[in-house]
Amino acid sequence: MKKIFETEIMSNFEVAEKIYRLEIYSPELAAVAKAGQFIEVQLANDFTLRRPFGVASTKNDTVKIFYRVVGRGTKFLSRRNFGELLNVLGSLGNGFDAEVEGKVLLVGGGMGLAPLLLAAEKIKSADVLIGGKTADEVTFWLDEFAEDVENIFVTTDDGSFGEKGFVTNFLPSILAAENYSAVYTCGPEIMMRGVALEVAAYEIPCQVSFERRMACGLGACLSCSIDTANGRKKVCKDGPVFDAREVF
């Protein structure tokens, strides 16, 4: 379903350095958004293009997103306050298979954890493997995931929290200890490629969610096109979720 919504900002605050959690009130959008889909946000009239954000939660008639302040647009968004209106196009793209039977392992790095949070809400049984550079980047995710997953595994590049190393260093031992039905991953492409490689050895279905700068979100501008085993495809319209075997 694609529709423009005028939503109201319920909260917008910093959860870690330059990382923000924004929640908007939109019962209709919350009712239709699927895990892995995204929304396009109109920041203001003087910003020509909308900005894409993965839907992180749809609880209590609200839609939650997370974003990192990296430029003029996200800096402007971080200054929006409670009660202000936000024009949103959504929900867009194809999401994860939420009807999968058995337990799913969610593997995310950085801001790629946002769409996996909604997957945890929608899937019957899930564990999550969280990766980040430092403790500051991962600890706030623990409370976010706690209600909807059974087990939380954490790695940090510097060892300041959880296991020291990358998610791919500890993924094999996690896969060996549990009979997962599928693995869903989102984050840096190099991380997802490594995850897909490890999962392939266990012959488990793996779905990956690509992060791209999607200018229109509707497949018209071609700015998010990628090469796949089945030809050139658009991340916004054909994805952002793909079977790992198709893209890696």
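# A guided tour of the sheet, its helices and its cores

Begin by selecting helix 3, residues 113-122, which lies across strand 7 (104-109), strand 8 (126-132) and strand 11 and runs at about 160 degrees to strand 7. The model on display is a predicted one.

**Helix 3 and its cover.** Colour the residues of helix 3 by accessibility. Nine of its 10 residues are buried, and the helix is accordingly described as mostly covered. Among the buried ones are Leu113, Pro115, Leu118 and Glu121. Which elements cover them? The cover includes strand 5 (62-68), strand 7, strand 8, helix 4 and strand 11.

**The sheet.** Next, display the strands alone. Seven of them form an open sheet with mixed pairing, in the order 10-9-8-7-11-12-15. Strand 10 (163-164) and strand 15 (241-243) are at the edges; each has a single partner strand, so one side of each lacks a neighbour in the sheet.

Select strand 8 and strand 9 together. These two run parallel and are joined by five bridges; one place to look is Gly132, whose bridge partner in strand 9 is Thr156. Between the two strands the chain passes through helix 4 (residues 135-146), making a right-handed β-α-β crossover. Moving on to strand 10, one finds that it pairs with strand 9 in the parallel sense over two bridges. Here Thr155 has Glu163 of strand 10 as its bridge partner.

Now turn to strand 11 (residues 182-186) and strand 12 (residues 206-209), a parallel pair joined by four bridges. Tyr184 has Gln207 as its bridge partner in strand 12. Then add helix 5 (residues 167-177), which lies across strands 7, 8, 9, 10 and 11 and runs at about 170 degrees to strand 7.

**The nonpolar cores.** Select Ile39, Leu106, Trp141, Phe145 and Tyr184. These residues have the most contacts inside the largest nonpolar core, which has 53 residues. Helix 3 supplies the largest share of this core, seven residues. Centre the view on Leu106: beyond its neighbours within four places in sequence, its contacts include Leu116, Ala119, Val128, Phe145 and Tyr184. A second, separate core has 29 residues, including Leu89, Val183, Ile204 and Val235.

**A loop outside the sheet order.** Select Asp46, in the loop between strand 3 (38-42) and strand 4 (51-54). Is Asp46 buried or exposed? Asp46 is exposed, because its relative accessible area is 52% and the cut-off for exposed is over 50%. Draw a distance from Asp46 to Val183: their C-alpha atoms are separated by 40 Å, and the two residues are 137 apart along the chain.

**Aromatic pairs.** The final stop concerns rings. The model contains 10 aromatic pairs. In one of them, Phe47 and Phe76 are 5.4 Å apart centre to centre with 45 degrees between the planes, and the pair is tilted. It links distant parts of the chain, since Phe47 is in the loop between strand 3 and strand 4 and Phe76 is in helix 2 (residues 72-77), 29 residues apart. Phe47 counts as buried at 4% relative accessibility, whereas Phe76 counts as partly exposed at 29%.

Select Phe210 and Phe248 next. Their ring centres are 5.8 Å apart and their planes stand at 35 degrees, so this pair is tilted. Phe210 is buried, with a relative accessible area of 5%, while Phe248 is partly exposed, at 28%. Finish with Phe66, Phe140, Trp141 and Phe145, which form one aromatic cluster.

Methods: Residues are numbered from 1 along each chain as its sequence is written. This is a predicted model: local features need pLDDT of at least 70, side-chain atom pairs count only at pLDDT 80 or more; totals for chains, interfaces and linings use all residues. Side-chain values use heavy atoms; hydrogens and water are left out. Two strands pair if DSSP finds at least two bridges between them. Contact means heavy atoms within 4.5 Å. Axes are lines fitted to C-alpha atoms, for helices over the stretch in contact, and angles run from 0 to 180 degrees between N-to-C directions. A crossover is right-handed if, with the strands pointing away from the viewer, the path from the first strand over the helix to the second runs clockwise. A nonpolar core is a set of buried Ala, Val, Leu, Ile, Met, Phe, Trp, Tyr and Cys residues joined through side-chain atoms within 4.5 Å. Buried means under 20% relative accessible area, exposed over 50%, partly exposed in between (1.4 Å probe, protein chains only). Rings of Phe, Tyr and Trp (its six-membered ring) pair if their centres lie within 6.5 Å; planes under 30 degrees apart count as stacked, over 60 as edge-to-face and the rest as tilted.
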